[in-house]
Amino acid sequence: MPRSRFPATTESHNPVPHKVIGYVSVRGKQSVFGHPKKRLHQSARAYHASKRDLDSVRRDLEKSGFRILAESPLGLSLLGEAEQFEELTGGAVRTVEKLVHTGGVQKYITHLDITGKKQPKTLGVGLPKSKSLKIDGIVLEKPRQSQTVFPSPIPLPSPKFHLNPPNDLAVLLGAVKAHQKGIRGQRVTIAMPDTGWYRHPYFTANRYDIKTPMVAVPRTDPRKDPVGHGTAQSSNIFAVAPATKLQPIRGTDSDGKLVAIIAAFLKAKALKPQIITNSWSSDSQYPPAGGPDEADMSFAVEVMDAIENGILVIFGAGNGGFSIEPQIPGVLAAGGVYVDKNGLYRASDFASGYRSPWFRGVVVPTVCGLCGMHPRPQYLMLPVPAGSQLDRSASAAQGGVKGDFTAPDDGWALLSGTSSAAPQVAGASALILSTKPRLRPTQVIKALSETALDIVRGHSSKKFNQRARPGRDNATGWGLINATAAVAYAKYHF
Amino acid sequence: MELILKVDSDAERDIVMERLRQLGFDPLAMKVGVLLGGDIASLRRLIPTLTGTAIGSLPVPTDLAPAVRSIHVFGPRSLHL
C-alpha cells in the first residue's frame with residue numbers, strides 16, 4: 001500500500017467518552033505485554049491466570065468502581081470512567097485520531113490511548129500503576145466500526161461540481177511546479193483578520209503551521225470561530241503556500257458578529273507580517289453620492305501606512321458590493337474567476353469588478369483567484385467548525401438553490417466568493433516572498449499581474465456588469481493568478 | 001461598534017489614549033487618531049449621544065474636547081461570503 005500523505009496518527013479534539021470499555025489481562029505464566037513484537041506462545045494455556053489471581057484482580061477492580069462485563073481464564077472485560085482507568089494505570093486517557101484504510105478509502109477514526117511516562121507507546125495499551133495488582137496489562141477497546149470522526153480531515157463529497165483543497169486549487173492557480181521546486185511559502189507570515197479560527201483536523205492532518213489565534217474583542221475565545229468563515233477561508237492560503245505561517249486574528253464577538261474587524265486589522269499590522277489578507281469590507285452605495293466618509297478615509301490612511309511599511313495588504317474585491325477597502329491605492333484587490341467542469345475560464349458574475357470612482361487609475365480587482373458563480377457560489381469544499389453558522393447555512397436550500405448535500409454539522413461547507421480569492425492570492429504572494437523576501441508590495445503585485453492568465457469571457461457582478469476582454473479589464477483586472485509564473489517573474493526581474 | 005476619535009498630533013493621541021484607559025477602555029492607536037471599540041452600553045458612558053444605528057460624525061463630549069477634534073463611527077463591515 002502506498003504511503004499516505006497524511007500522518008498515521010494525529011491529535012484529536014474529540015472528548016474522551018464518559019464511559020470507557022477496556023480489557024484487563026491478569027498475569028499468567030506468559031505475557032503478551034512488554035515488547036511490541038513478542039511472539040505468541042504455541043498454546044493459549046500459557047497465558048492463563050490462576051483462579052486465585054483472577055478473583056483477586058476482579059475484587060480489586062470492583063472495589064475501584066469498575067463494572068465487570070465479561071470474564072475468561074485470561075482476563076476481564078470491564079466498564080469504567082476514564083478517571084478510573086487513569087487511577088489504575090497512573091497515566092492519562094487521551095483521544096487520538098488514527099488513519100485507517102477501509103473499503104478503499106482512508107479516514108481518521110478516534111481511538112483512545114493511555115499516555116504517561118511509564119506507559120507503552122502502543123496505541124490503547126497501558127500498564128498498571130502497581131505491580132502488586134497482578135495485572136499484566138490494560139487494553140482500551142478499539143473502535144471496531146466507523147465512529148464519529150469529527151470533523152473529517154478529508155473534504156467530504158458532494159454531487160455538485162466543485163473543487164477540493166488543497167490539490168484542485170494548487171493546480172488551477174499554477175502552484176504545483178513551485179511546490180515541486182520546494183517553494184512553498186516558507187519564512188512568510190500571513191495575518192488574517194476574520195471571524196476567528198478553529199483547529200479543524202484538516203489543518204493538523206496536512207501539517208499546516210498556524211500561530212495561536214489572537215482576539216480583538218476582549219474575553220472572546222481565541223480557539224473558536226462561531227461563524228466558520230475565518231477557518232474556511234484560511235484553507236485557501238495553504239492550498240497555494242503550504243509552508244507559510246498563518247496568524248489568525250478574531251474580530252468577532254461571542255455571537256460571531258463582526259464588531260471589531262478594524263481593531264483586528266490594526267493588531268495584524270502591529271505584528272508586521274509580510275502579508276495581511278482580508279476577506280471583508282464595508283458596503284457603500286454604487287454609484288456613490290460623494291466621496292468616502294471620514295471614518296473610512298482614516299482607515300484608508302492606516303492601510304496605506306501598512307503598505308508603505310512593506311506589508312502587502314490584500315482585500316477581496318467584494319461579492320457584488322462596492323467598498324473603499326479594495327480601492328485604496330496600493331491594495332491588491334482580489335477578484336473572481338470561475339473555471340467550469342469543462343475547463344472553461346470566465347469572469348465570475350458573483351464578484352465585484354469596476355473602475356474606482358474615488359481613486360484615479362484604480363481598477364478593482366487587481367488580479368483574481370477562484371470564485372463561484374451567481375446566484376450561489378458553491379464552488380470550494382472548505383473546512384468549517386462543525387455546526388458553525390456556515391456549516392448550517394451551506395447545507396440548507398437558499399433562493400431556490402439546493403444546499404451542498406453535506407450535513408449541517410459535519411464540519412465541511414461548499415462555498416466561495418472573493419473571500420476565497422483573497423487568501424489564494426495571499427498564498428501566491430507568500431510563494432514570491434519566500435524566494436524574494438525583500439520585495440516591496442508593488443513588486444509582488446507587478447509579478448502577479450504580469451503573469452496572470454488573461455480572462456476574456458464573462459462579466460463581473462450585475463451591479464457593475466463589466467465585461468472581461470483581452471488585456472487588463474474592469475471585470476478581472478489582469479486575470480487569474482499563476483503562482484509559479486509569478487515566482488519566476490519575480491526571480492528574473494527583481 | 002468601532003469609532004475613530006480624530007486628533008491633530010501624536011501628543012494629543014497619547015493623552016486621549018491614557019484618558020480612555022483610565023475609563024476602562026482598550027483603545028488602539030491609529031495614524032490619525034484613536035480606535036475605540038465596544039458595545040453600545042459601554043461606549044455610551046463616554047459618548048452619551050451614541051445610538052445603535054449611528055453612522056457618520058458625533059459631537060465630541062466635553063471631557064475629550066480639548067484633545068479630540070472629531071468622532072466618527074465606522075459603518076458595518078461584512079464578510080465577502
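Let's start in a loop of this predicted model: A:Leu344 sits between β16 (332-339) and β17 (345-347) of chain A. Is this leucine buried or exposed? A:Leu344 counts as exposed, because 10 other C-beta atoms lie within 10 Å, and a residue is called exposed when that number is 12 or fewer. If you follow the chain onward from this loop, you will find A:Arg457, which is 113 residues away along the chain, while the C-alpha atoms of A:Leu344 and A:Arg457 are separated by 9.0 Å.

Now step back to chain A as a whole. The domain assignment divides chain A into domain 1 (9-140) and domain 2 (167-493). Taken over C-alpha atoms, the centres of domain 1 and domain 2 of chain A are 48 Å apart. How many residues of domain 1 of chain A are in contact with domain 2 of chain A? Five residues of domain 1 meet four residues of domain 2. On the domain 1 side of this contact there are one nonpolar, two polar and two charged residues.

Let's look next at a sheet in chain A. Five strands make an open sheet here, in the order β3-β4-β2-β8-β7, with antiparallel pairing. The edges are formed by β3 (67-71) and β7 (125-126) of chain A, each of which pairs on one side only. Further in, strand β2 (residues 19-26) and strand β8 (residues 135-140) of chain A run antiparallel and are paired over five bridges. If you would like a landmark for this pairing, find A:Tyr23, which stands opposite A:Val139 in β8(A).

Two helices go with this sheet. Helix α1 (residues 51-63) of chain A lies across β2, β3, β4 (75-81) and β8 of chain A, and runs at about 155° to β2(A). Helix α2 (residues 82-89) of chain A also packs on the sheet, where it touches β2, β4, β7 and β8 of chain A. The direction of α2(A) makes about 125° with that of β4(A). How many of the eight residues of α2(A) are buried? Six of them are, so that helix is mostly covered. The buried residues are A:Ala82, A:Gln84, A:Phe85, A:Glu86, A:Leu88 and A:Thr89. Just after α2(A) comes A:Gly90, which has a positive phi of about 80°.

Elsewhere in chain A, a pair of helices is worth a visit. Helix α6 (residues 229-240) and helix α10 (residues 418-435) of chain A pack at an angle of about 35°, and their axes are 7 Å apart. The crossing of α6(A) and α10(A) is right-handed. Among the residues that α6(A) brings to this contact are A:His229, A:Gln233, A:Ile237 and A:Phe238, while those from α10(A) include A:Ser419, A:Pro423, A:Gln424 and A:Leu431. By class, the contact holds eight nonpolar, eight polar and no charged residues.

Chain B has an open sheet to show you as well. Five of its strands are arranged in the order β2-β3-β1-β5-β4, with antiparallel pairing. Why is one side of β2 (28-30) and of β4 (56-58) of chain B left without a neighbour in the sheet? Both strands stand at the edges with a single partner strand each, so one side of each has no neighbour there. On average, neighbouring strands of this sheet are turned by 30° against each other, direction ignored. At one end of the order, β4(B) is joined by three bridges to strand β5 (residues 68-73) of chain B, and the two run antiparallel. Here B:Ser57 has B:His72 in β5(B) as its bridge partner. Helix α7 (residues 261-270), which belongs to chain A, packs on this sheet of chain B. There α7(A) touches β1 (2-7), β2 and β3 (33-37) of chain B, and its direction makes about 125° with that of β3(B).

That helix brings us to the place where the two chains meet. The contact takes 28 residues from chain A and 23 residues from chain B. On the chain A side, the elements that give two or more residues are α7, β14 (280-281), α8 (294-308) and α10 of chain A. Which element gives the most to this side? It is α8(A), with six residues. By class, the side of chain A that touches chain B has twelve nonpolar, eleven polar and five charged residues. Strands also link the chains: β14(A) is joined by two bridges to strand β6 (residues 78-79) of chain B, and the two run antiparallel. Within this pairing, A:Trp280 stands opposite B:Leu79 in β6(B).

Conventions:
Residues are numbered from 1 along each chain as its sequence is written. Chains are lettered from A and ligands numbered from 1 in the order in which they are written. This is a predicted model: local features need pLDDT of at least 70, side-chain atom pairs count only at pLDDT 80 or more; totals for chains, interfaces and linings use all residues. Axes are lines fitted to C-alpha atoms, for helices over the stretch in contact, and angles run from 0 to 180 degrees between N-to-C directions. Helices (H or I, at least four residues) and strands (E, at least two) are DSSP runs, numbered from the N terminus. A crossing is left-handed if the near helix is turned anticlockwise from the far one by less than a right angle, and right-handed if clockwise. Two residues are in contact if their C-beta atoms, placed from the backbone, lie within 7 Å. Ala, Val, Leu, Ile, Met, Phe, Trp, Tyr, Cys and Pro count as nonpolar, Asp, Glu, Lys and Arg as charged, and the others, Gly among them, as polar. Two strands pair if DSSP finds at least two bridges between them. A residue is buried if 20 or more other C-beta atoms lie within 10 Å of its own, exposed if 12 or fewer, and partly exposed in between; C-beta atoms are placed from the backbone. Domain bounds come from an automatic or database domain assignment.
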